[in-house]
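Colleague: I am new to reading protein and DNA models, and I would like to go through one with you. Could we take it feature by feature?

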Number of protein chains: 2
Amino acid sequence: MDYAEFKREIHVSKDDICREIFSENRKSIRVKKEMTALKNLGRIFDSALRISNKKGFQAMSMRDLSKEAGLSMGALYAYFSSKEALLEIIQRQGRAITQRILKKSVYAENGSVARLRAAIRTHIYLSEIMQPWFYFSYMETKNLGEEESKKAIASELFTEQVIVDILRQGRDEGAFVPLDSQLAASVIKAMLQDWYLKRWKYTKRKTSVDQYARFVTDFVEAYCLSPGFAVS
Amino acid sequence: MDYAEFKREIHVSKDDICREIFSENRKSIRVKKEMTALKNLGRIFDSALRISNKKGFQAMSMRDLSKEAGLSMGALYAYFSSKEALLEIIQRQGRAITQRILKKSVYAENGSVARLRAAIRTHIYLSEIMQPWFYFSYMETKNLGEEESKKAIASELFTEQVIVDILRQGRDEGAFVPLDSQLAASVIKAMLQDWYLKRWKYTKRKTSVDQYARFVTDFVEAYCLSPGFAVS
DNA sequence: GTCTATATACGGATAGAC
DNA sequence: GTCTATCCGTATATAGAC
């Protein structure tokens with residue numbers, strides 16, 4: 001499966017995401033007309049990610065956001081109760097989507113090699129679609145409060161655990177060489193994250209997302225795969 | 001060479017660093033008594049890194065810093081002219097040290113395989129010694145001004161280029177398989193950076209720096225090394 | 001639902017005493 | 001060389017008009 005196909009099959013358009021956010025935050029959102037709310041939520045999140053990813057969430061003032069989103073200060077506060085609440089909504093929603101898509105894609109496969117490939121490919125493709133969110137999430141984790149910070153760490157470990165489980169399965173199947181699954185999963189995750197953390201670099205070099213996913217897959221398999229094992 | 005040996009041979013104690021900062025910023029530092037200046041610079045940088053790495057440089061107020069460093073607001077400003085200037089001094093100094101040590105260590109070797117191992121090991125060991133700085137530098141790059149931001153990017157690319165050059169040399173020598181040197185260098189760098197970016201994870205798991213360096217070296221060599229090539 | 005105007009607090013930076 | 005006290009801009013958040 002290449003990126004174009006992945007994008008067609010998956011449903012995470014801006015509209016889908018806003019609809020989810022809207023229905024999950026009905027209580028705190030004072031705007032009740034769905035059409036208006038969806039339109040403005042989209043503008044708010046886009047603007048917040050754009051400004052934050054340029055100069056940091058803390059450095060983004062509500063006036064900045066208000067200007068970029070085309071809404072007044074007062075209107076903004078009809079959609080969230082405080083700047084911190086906005087941060088948490090963004091983080092929560094992205095995490096939920098990531099986990100849902102990753103699980104579904106990995107467990108659609110059965111063999112360990114196929115699952116490993118699916119995990120690598122899906123993470124990279126998803127972070128391509130939602131690059132601003134992935135970057136934001138990584139850089140702003142430490143600005144979260146106690147409670148939300150724990151959830152963010154749990155989410156980071158969840159992704160890693162998906163890979164650990166695949167590696168263990170592969171070791172048991174004889175498909176992978178004996179290896180330290182946890183350490184291997186850590187460095188694999190680091191490679192996946194580089195795609196959205198250094199996006200400026202890859203864009204400048206015209207490295208395509210398919211090219212990157214392919215490269216990482218080959219790199220990882222050179223270490224993990226048992227030499228003689230037949231890949232189905 | 002293991003971490004203990006590396007640490008003994010290299011001279012980057014807090015005192016060394018402060019002395020360098022002091023002599024390079026004589027103009028802007030109003031405190032002239034060296035002993036006093038070194039002591040306070042040490043406290044200021046330690047505190048600034050500690051607070052910033054917990055909640056971000058922007059979120060750190062000068063009052064926070066003043067309290068943590070045990071100096072009054074007025075006294076702080078005898079050591080730097082503005083909060084932004086403080087940020088730039090920290091970034092500049094760390095970059096200079098990193099480049100110096102990395103160059104020296106890599107070019108002390110001759111063969112491509114030895115150089116690749118030296119680059120991996122040195123980067124990981126150095127980021128272990130200066131972990132707070134490396135983390136800070138990574139997370140706060142986007143808060144720099146235009147001018148300093150360019151230098152930070154140049155520095156990021158410098159490290160990568162060191163690895164690219166080694167990989168090309170190895171390809172020419174026949175030690176490495178044909179590979180995309182630039183892409184390979186990118187993902188290798190990502191693995192090196194994970195050591196200081198996810199330090200909390202590795203500390204919790206009691207992964208030692210020697211263990212990590214060894215693992216990354218093996219992982220990279222599984223992909224890069226030509227199967228039959230004799231490593232000296 | 002959205003706006004403008006404003007309350008209130010906190011930020012960086014400095015003046016001037018010691 | 002360091003401190004305390006203070007200036008002044010800007011931040012978040014809200015009240016109340018439309």
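Colleague: Which atoms of B:Met60 and DNA strand C should I look at for a polar contact?

Modeller: A polar contact is a pair of N or O atoms within 3.5 Å; within protein, one must be able to donate a hydrogen and the other to accept it, and residues adjacent in sequence count only if both atoms are side-chain atoms. Here a backbone N or O atom of B:Met60 is 3.5 Å from a phosphate oxygen of DNA strand C. B:Lys83 also uses a backbone N or O atom, 2.8 Å from a phosphate oxygen of this strand. With B:Arg63, a polar side-chain atom lies 2.9 Å from a base oxygen of DNA strand C.

Modeller: Please keep in mind that this is a predicted model, where local features need pLDDT of at least 70, side-chain atom pairs count only at pLDDT 80 or more, and totals for chains, interfaces and linings use all residues. Residues are numbered from 1 along each chain as its sequence is written, chains are lettered from A and ligands numbered from 1 in the order in which they are written, and side-chain values use heavy atoms, with hydrogens and water left out.

Colleague: How many residues surround DNA strand C?

Modeller: A residue is near a strand if one of its heavy atoms lies within 4 Å of it. For DNA strand C there are 18 such residues, and the closest are A:Lys32, A:Lys33, A:Ser72, B:Met62 and B:Tyr77. Sugar and phosphate make up 62% of the atoms of DNA strand C that come within 4 Å of the protein.

Colleague: And which residues come nearest to DNA strand D?

Modeller: Of the 20 residues around DNA strand D, the nearest are A:Met62, A:Arg63, B:Lys32, B:Lys33 and B:Ser72. Three side chains place an N or O atom by a phosphate oxygen of this strand: A:Tyr77 at 2.7 Å, B:Asn40 at 2.9 Å and B:Tyr79 at 3.0 Å. Sugar or phosphate accounts for 59% of the strand's atoms within 4 Å of the protein, and bases for the rest.

Colleague: Now the two chains. How much area do chain B and chain A bury between them?

Modeller: The size of an interface is often given as the accessible area lost when the parts come together. Buried area is that loss (1.4 Å probe), summed over both parts. Chain B and chain A bury about 3,700 Å², with 67% of it on carbon and sulfur atoms. B:Lys142, B:Phe215 and B:Phe219 supply 20% of the area that chain B buries against chain A, more than any other three residues. Counting contacts (heavy atoms within 4.5 Å), 44 residues of chain B touch 44 residues of chain A.

Colleague: How many salt bridges cross this interface?

Modeller: A salt bridge is a side-chain nitrogen of Lys or Arg within 4 Å of a carboxyl oxygen of Asp or Glu. The rule finds eight across the interface of chain B and chain A. You can look at B:Glu156 and A:Lys201, whose side chains meet in a salt bridge at 3.9 Å, N to O.

Colleague: What turn lays chain B on chain A?

Modeller: Two copies of a chain are related by a rotation about an axis and a shift along it. We superpose by least squares on the C-alpha atoms of residues with pLDDT of at least 70 in both copies. Here a turn of 180 degrees and a shift of 0.0 Å along the axis lay chain B on chain A with an RMSD of 0.1 Å. That is the relation of a two-fold axis. Also, 100% of the interface residues of chain B are interface residues in chain A, so the copies meet through the same surface.

Conventions. Buried area is the accessible area (1.4 Å probe) that two parts lose on being put together, summed over both.
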